[in-house]
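Please open the structure in your viewer and keep the selection tool at hand. The tour below moves from one selection to the next.

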Amino acid sequence: MLKIAFHPIYKHPLPEKHRFPMEKYELLPKQLLHEGTCEEQHFFSPKPADLVDILAVHTKEYVENLTNLSLDRRAIRKTGFPLSQELVDREIIIAGGTIEGCHYSLEHGISMNIAGGTHHAYSDHGEAFCLLHDQAIAARYLQKKKLAEKILIIDLDVHQGNGTAEIFQNDDSVFTFSMHGKGNYPFRKEISDLDIEVPDGSKDEYYLRTLKETLPGLIEKVQPDFIFYLCGVDILETDKLGRLSCSIAGCKERDRFVLQTCHDLKIPVQCSMGGGYSPEIKVIIEAHANTYRLAQHIYF
């Protein structure tokens, strides 16, 4: 059965006219249930990640300042969210959902997290709506528990996974692959193990050809035991914060190719949703829902 991490805390209250579409975390599960892609038993309510697992990725000083709500104003401003206890609790539960999901991935081949993909969180600070790096925390957890040795992170959000690159910059056991918009934030990129910068305005054909020419050979080279897939839908032409020009059909084919590849090679994969900022919320939900429809179809 496809298992999906979801908790009501994912939809966090934000100031009016905030540009982050927090309502998608409530609407996406409703859509999947309404259309019959999923049933209630597909969803699980994650527990908070353990502090020891968070500290395997993030510095003690940062975690203490975050959990004590004592970050300075500049550090809070970089995250893009007003700091509160509920926000911190949310981030810890999201990381817990990704960790728990990994066990389902090992059992069933795949798991999903309605939220997560917080790839702009560095070891010592948060940025751009990301405070704790859920997939990095889960990767370290898998290694600590000896459930995986070599890990591949596939990041296809339109923005570079700069936090991912920084966290694993000196670690050969985790291979970081980021394929992102060249002209997009972050404007000072970090160095992943493999970065592919997609030119502004690129459409489906260029994007998909580049991905399909890259991924199979990369997996053959890395030989991962486990894959984390960050499937942001901000590659869409309609996205307010992206500069690519992919269609919903192209985004769906991207997900199909990645998930089918993981399935065929029998490599467990955990998927976190990442970004999506199209002006119409229905476009964001449709693009994200496609990922779940494909997971259900390919694996179950």
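Helices (H or I, at least four residues) and strands (E, at least two) are DSSP runs, numbered from the N terminus. This is a predicted model, in which local features need pLDDT of at least 70, side-chain atom pairs count only at pLDDT 80 or more, and totals for chains, interfaces and linings use all residues. Residues are numbered from 1 along each chain as its sequence is written, and side-chain values use heavy atoms, with hydrogens and water left out.

**The sheet**

Begin by colouring the strands. An open sheet of 8 strands appears, in the order β2-β1-β3-β8-β7-β4-β5-β6 and with parallel pairing; two strands pair if DSSP finds at least two bridges between them. At the edges are β2 (43-44) and β6, each of which pairs on one side only. Strands of a sheet pair through backbone hydrogen bonds, either parallel or antiparallel.

**Strand β5 and its neighbours**

Next, select residues 174-181, which form strand β5. Is this strand mostly covered or not? Of its 8 residues, 8 are buried, that is, under 20% relative accessible area with a 1.4 Å probe and protein chains only.

Now add residues 151-155, strand β4, which runs parallel to β5 and is joined to it by 5 bridges. Within this pairing, L152 has F175 as its bridge partner, and I154 has F177. On β5's pairing with β6 (residues 194-198), there are 5 bridges, again in the parallel sense; here M179 stands opposite I196.

**The helices**

Select residues 162-167, helix α7, which makes a right-handed β-α-β unit with β4 and β5. Right-handed means that, with the strands pointing away from the viewer, the path from the first strand over the helix to the second runs clockwise.

**The cavity**

Finally, show I153, D155, G161, T164, A165, T176, F177, S178 and S192, which line the largest cavity. On a 1 Å grid over the protein atoms alone, a cavity is a set of points where a 1.4 Å probe fits but cannot get out, and lining residues have an atom within 4 Å of a point. Its volume, the space filled by probe spheres set on the points, is about 30 Å³. Which elements each supply at least two residues of the lining? They are β4, α7 and β5, and β5 gives the most, with 3 residues.

Technical notes: Buried < 20%, exposed > 50% of the residue type's maximum accessible area, 1.4 Å probe, protein only. 1 Å grid on protein atoms, 1.4 Å probe; cavity = no way out; pocket = protein on both sides within 12 Å on 5 of 7 lines; lining within 4 Å.
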